[in-house]
Every structure is written in C-alpha cells, then in structure tokens.
Amino acid sequence: MTLIHGGDIFTLAQKLECNEQEIIDFSVNINPLGLTPSVRQALIENVDLAIQYPDPLCRKLTEAIAKHYDLEASSILCGNGAADLIFRLAYVCKPKRALVLAPTFAEYALALKQVGTKVEQYLLKEENNFNVEEDFLEYLTQDLDMVWLCNPNNPTGQLIPKSFLLKVLERCEALDIKLIVDECFMDFVEVPSGYSLLQELGNYKCLVILKAFTKFYAMAGLRLGYGCFGDTGLKQAVQEAAQPWSVSGLAQLAGVVALEDVAYAKATQVLIRNEYLYIEENLTRLGFLCYPSEADYVLFKSPIAQLKEKLMEKGILIRHCANYEGLSETHYRIGIKDHAKNQVLIQALGELSTR
C-alpha cells in the first residue's frame, strides 16, 4: 500500500529498531499541547461509552459546534474525520468536472477520481508564495461542477482573504458550482474573521465548509470532523451516504468538552506563532528557503539532497512534498512542535548544513 500522508513512525521505528515514541515526528502537524486536560479526564471517566452504540445524529456535539461558531445546528453534519466527508461529498455529488489548487491536500483529487471526475488544477506560483491570484475567477466556468479550496492551504500555509472568497462565492452561486472550503486549519489563525466563510453559510446554497478536531485539538486517533452546509438538502444526502454510527461516543464527548476550553485555544495560537517565528528564523539562517505560513506547519525548500532520509537516520521524520502537484524533490513540510523538539530539529539541520 502506498502511503500518501505523513505520520508513518512505525516503519522508521522498525528500521531503527527502536520504540515508536522515540521518533520525533515532524511529518504530521498536530497541536504540540496534546489533548486538553479536560478532554483527557472526560475520556478516562467515560470510557464505558465504548460499550454502547453512539448517538447516530451526534446531537450534543452538533449543538456544541453550532453554539461555538454561532451557526444553525441544522447546517452541521459530523463525520469520522474531515476525510470521511470529503469522500462522501464526492460519492454523493459525482461531479463531472472539478477544480482544485496545486499544490493542495491530495485527498480531494483522490476522492474525486474514484467517482470518475475530471480534475483540473489551478497552479499556484512559487514566486508568489503560492497565493491564489485574481485570475482564479477566470477558471470558474459554466461547465464546472465543483471547486475545492483549502484555507489555510495545505501544505503551503497560505490564507485566501475573505474579500476575494466572496467574489468566488458569488460566481459559484451564479453558475451553480458547489464550493467546498476546507477550513480545518482556520482555528490556528489569530483573526479568522478576515478569512473564514462560516458566517456566509445562510447566504449561499453552493457553500460547504469542512472542519476537524484532528490537528487543533490533537484528536487524530479519535477521528472527528464535520461539515457545515449552506444547502440542507445536500447535507441530508451526504448524511444518508454514511454508515449509521460513523462517529464514536468517545469522539463525540471529546468534541463537546474541547470546544469549552477557551484557554487551551488561546495558548495554542500563542505557542504556534512563537515557534513558527523561531523555526522560520533558524531555517533561513541555515540557508533553507521558508514560505510564509498561517497554519501549524512550515513549507520550505532545502539545499540538502535527500534531507528526509538523512534526518531519519537521526530518528527525525519530516514530510517530503515531492508527491504534491506543483512541488519538487527539494520541497519539505514540517509540523510545528514544542520548543524543545523544534530545537532538536534545528540542531540536526545545522549539523547537516555544515557537512
């Protein structure tokens, strides 16, 4: 099986003959603070939820999300991670032609191709720090069925301003093009109101927004994501395309409790911004080309050949981005960790740079 994502600490641990916990995994971008203490305690105290069937409608969780973001509960559909909803959207809509960014999250095109969609790409320009430009609007034509945007984009970390997204929305609504916006990393952004489209849901039937607890709330193993739909008819169709119990009771509980922890959210944003600046400064000092990022990961270009393999020898795993459309063998992405782990990475890169 070909693995298209990071996080494979198991293969490296086997190769180095060590425990998986000894690997420092920068190939994934999960909140370095880990689970909030309140979520950890709730899971421990309610472990017997694993015995019973979960609420198939995720009612408490849906209400908690609606309250947290000031949305209508009827617009929200929870799933087994955002990836679950990505594939369900493709299966339900079966678009003939769809537009994605390049580079961007590989799962969009993978899901679309499984239902026979012709996937077209809008190439982001490296010389423009991979920003979406005004000419993107010209790609929104009558024969297009669906558009996928990731904001902030993965793996580049770039944001698309809301002022431009509103232009995209207007055009998609007029041409009956479904606009799927992945905002899974928006919670890392300090002022999301300038970029998020959540508050536009009631105004545009074409709009679907995807979010997840995976990265910001460090719940990758619990599998919890959700979609926010401008069209409740589409939401109903996507809901019916799933197995009855796609979200476990423990995951639902964790989501409700996590949303209540305001202090954790603020601490996360401060940590990520401070460590981003530390990483950017030191990568630049060592001769790496860093691209600006508003998420919890950093895309950079390396002058050192086979950088991933050389760091693996030191028990450090990073994400090689050569399999992203629009990137090359010299592009890598690292998730931002706590300061101690970031220091280990910078020291290792420094040693490789002086060879």
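**Stop 1: the second largest pocket**

Select helix H3 and helix H9 (262-285): each of them supplies at least two residues to the lining of the second largest pocket. You are looking at a predicted model, so please read every stop on this tour in that light. H9 gives this pocket the largest share of its lining, four residues. The space in the second largest pocket comes to about 400 Å³. Now show His68, Tyr69, Met186, Asp187 and Pro192 as sticks; of the 20 residues that line the pocket, these are the closest to its centre. If you colour the lining by class, you will find 10 nonpolar, five polar and five charged residues.

**Stop 2: from H3 across to H8**

Keep helix H3 (residues 59-69) on screen and add helix H8 (residues 249-259). What should you look for in a pair like this? Two packed helices are described by the angle between their axes and the distance between the axes. For H3 and H8 the angle is about 25°, and the axes lie 9 Å apart. Angles under 35 degrees count as roughly parallel, and H3 and H8 are therefore roughly parallel to each other. Their crossing is left-handed.

Next, bring up the side chains at the contact. On H3, pick Lys60, Leu61, Ala64, Ile65 and His68; on H8, pick Gln252, Gly255, Val256 and Leu259. By class, this contact has five nonpolar, three polar and one charged residues. His68 may look familiar: besides touching H8 here, His68 is among the residues closest to the centre of the second largest pocket.

**Stop 3: H2 on H8**

Leave H8 selected and add helix H2 (residues 37-45). H2 and H8 pack at about 150°, with 9 Å between their axes, and the crossing of these two is right-handed. Which residues make the contact? From H2 they are Ser38, Val39, Ala42 and Leu43, and from H8 they are Leu250, Leu253, Ala254, Val257 and Ala258. Colouring by class gives eight nonpolar residues, one polar and no charged.

**Stop 4: H4 against H7**

Hide those helices and select helix H4 (residues 82-93) with helix H7 (residues 232-240). Their axes come within 9 Å and cross at roughly 105°. The range 65 to 115 degrees counts as roughly perpendicular, and H4 and H7 are therefore roughly perpendicular to each other. H4 makes the contact through Leu85, Arg88, Leu89, Val92 and Cys93, while H7 uses Leu234, Ala237, Val238 and Gln239. That contact divides into seven nonpolar, one polar and one charged residues.

**Stop 5: the largest pocket**

Stay with H4 and add helix H5 (107-114), since both helices also lead to the next site. Each supplies at least two residues of the lining of the largest pocket, and the largest share, three residues, comes from H4. How much volume does the largest pocket have? About 930 Å³. Its lining takes in 37 residues, and those nearest the centre are Val28, Ile30, Thr214, Lys215 and Ala220, so a good way in is to centre your view on them. Over the whole lining there are 17 nonpolar, nine polar and 11 charged residues.

**Stop 6: the loop after S5**

Select the loop between strand S5 (146-150) and helix H6 (162-175), and find Pro152 in it. The bond joining Asn151 and Pro152 is a cis peptide bond, with omega about 0°. Move on to Pro155, which lies in the loop between S5 and H6 as well. The peptide bond from Asn154 to Pro155 is cis too, with omega near 20°.

**Stop 7: a cavity**

How many cavities of 30 Å³ or more are there? The count comes to one. The largest cavity has a volume of about 50 Å³. To display its lining, select Leu101, Leu124, Phe130, Asn131, Val132, Cys150, Asn153, Thr156, Gln158, Leu159 and Ile160. Seven of the lining residues are nonpolar, four are polar and none is charged.

**Last stop: Asp176**

Follow H6 to the loop between H6 and strand S6 (178-182), where Asp176 lies. Check the backbone here: Asp176 has a positive phi of about 60°, although Asp176 is not a glycine.

Notes
Residues numbered from 1 in each chain as written. Predicted model: local features only at pLDDT ≥ 70, side-chain atom pairs only at ≥ 80, totals over all residues. Heavy atoms only, no water. Axes fitted to C-alpha atoms, helices over the stretch in contact; angles between N-to-C directions. Parallel < 35°, antiparallel > 145°, perpendicular 65-115°, else oblique. Left-handed = near helix turned anticlockwise from the far one by under 90°. Contact = heavy atoms within 4.5 Å. Nonpolar A, V, L, I, M, F, W, Y, C, P; charged D, E, K, R; others polar. 1 Å grid on protein atoms, 1.4 Å probe; cavity = no way out; pocket = protein on both sides within 12 Å on 5 of 7 lines; lining within 4 Å. Points joined across faces, edges and corners; volume = space filled by probe spheres on them.
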